[in-house]
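Good morning, and thank you for making time for this item. I should like to take you through one structure, beginning with its sheet and then turning to the helices.

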Amino acid sequence: MTYSRAGGADGPGEPDREAAEPTAEPAREAAWAELVATARRTVADGLVVGTSGNVSVRVGDTVLVTPSGVSYDRLAPRDMTGVDLDGRQVLGTLVPTSELPMHLAVYRADPGARAVVHTHAVHATAVSLLVPELPPVHYMTAALGGPVRVAPYAAYGTDELARGMLDALAGRTGCLLRNHGTITYGTSLDQAYDRTAQLEWMCRLWLTASSVPGHSPSLLTPDQLAEVAERLRGYGQRG
Ligand SMILES: [Zn+2]
């Protein structure tokens with residue numbers, strides 16, 4: 001499979017524009033390639049061991065998901081796996097991830113959600129064992145919508161876990177899952193991935209600071225977080 005894109009690194013190329021009305025198939029193929037790359041990144045960056053996490057991306061009313069138990073290194077274009085928003089398999093023959101209920105719950109709850117990343121990142125999972133909410137030690141807390149909550153423990157793959165996750169996600173784009181891991185979502189795979197990486201980093205930061213004997217970390221106030229949230233709303237706009 002080859003990929004092409006308008007414009008190269010060494011020249012302006014054609015102006016950026018969306019292909020007008022892309023047919024579903026090329027859009028799904030591109031999204032699948034990006035999903036596989038993101039899943040591999042979770043392993044390469046140490047957020048997941050083996051195939052213990054999972055990634056999904058929504059294209060129209062189809063949700064492409066990592067299949068259950070297949071090494072991300074071995075995923076090829078022909079392995080594309082997809083379900084509808086009710087979980088019925090509409091693409092591929094591999095069994096979708098067992099965490100499908102969590103992914104689908106996010107897409108049903110927020111029509112703006114386009115990608116979901118779930119990992120067992122070690123620092124984030126460690127924090128899930130200790131507190132009901134990650135203390136706001138850094139302003140990136142605001143980028144996830146506010147202090148990150150921990151959803152109650154429930155067995156993996158269950159609707160109960162998905163329900164607890166949705167409650168913990170209220171007003172947030174990420175949460176921790178007690179004794180389990182992380183889940184974040186966004187408008188793209190890159191954004192969902194970046195939110196997971198930021199969340200894991202903040203958990204590592206809090207664990208590091210709170211492990212110094214005789215000291216407790218200073219925390220941001222609600223006003224300080226609100227100020228950052230206001231500034232982040234303008235972040236990325238130029239000129
Ligand atoms: Zn999991």
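Before the hairpin is discussed, one definition is needed: strands here are DSSP runs of E with at least two residues, numbered from the N terminus. Please also bear in mind that this is a predicted model.

With that in place, consider the hairpin of β1 and β2. Two residues lie between its strands, and G60 adopts a positive phi near 60° there. The two strands, β1 (54–59) and β2 (62–65), run antiparallel and are joined by four bridges. Within this pairing, V57 has L64 of β2 as its bridge partner.

How does the rest of the sheet continue from there? The sheet is open and has eight strands, in the order β4-β3-β2-β1-β5-β8-β7-β6, and its pairing is mixed. Its edge strands are β4 (89–91) and β6 (150–151), each of which pairs on one side only. As general background, strands of a sheet pair through backbone hydrogen bonds, in either a parallel or an antiparallel manner.

Moving from β2 towards the β4 edge, we meet β2 and β3, which run antiparallel with three bridges between them. Here V63 stands opposite V83 of β3. Strand β3, residues 82–84, is in turn joined to β4 by two bridges, and this pair is also antiparallel. The bridge partner of G82 in β4 is L91.

I now turn to the helices. Helix α1, residues 24–44, lies across β1, β2 and β5 (115–119), and runs at about 160° to β1. One residue of α1 that I would single out is V36. Is V36 buried or exposed? V36 counts as buried because it has 21 C-beta neighbours inside 10 Å, and the cut-off for that class is 20 or more. If neighbours within four places in sequence are left aside, V36 is in contact with Y72 and L75. V36 and L75 are separated by 39 residues in sequence, yet their C-alpha atoms are 6.9 Å apart in space.

The other helix to consider is α2, residues 100–109. Which of its residues are buried? They are L100, M102, H103, L104, A105, V106 and Y107. The helix is therefore described as mostly covered, with seven of its 10 residues buried, under the cut-off of 20 or more C-beta atoms within 10 Å. These buried residues pack against strands β1, β2, β3, β5 and β8 (181–186), and against helix α4 (159–169).

That concludes the presentation, and I welcome your comments.

Key: Residues are numbered from 1 along each chain as its sequence is written. This is a predicted model: local features need pLDDT of at least 70, side-chain atom pairs count only at pLDDT 80 or more; totals for chains, interfaces and linings use all residues. Two strands pair if DSSP finds at least two bridges between them. Two residues are in contact if their C-beta atoms, placed from the backbone, lie within 7 Å. Axes are lines fitted to C-alpha atoms, for helices over the stretch in contact, and angles run from 0 to 180 degrees between N-to-C directions. A residue is buried if 20 or more other C-beta atoms lie within 10 Å of its own, exposed if 12 or fewer, and partly exposed in between; C-beta atoms are placed from the backbone.
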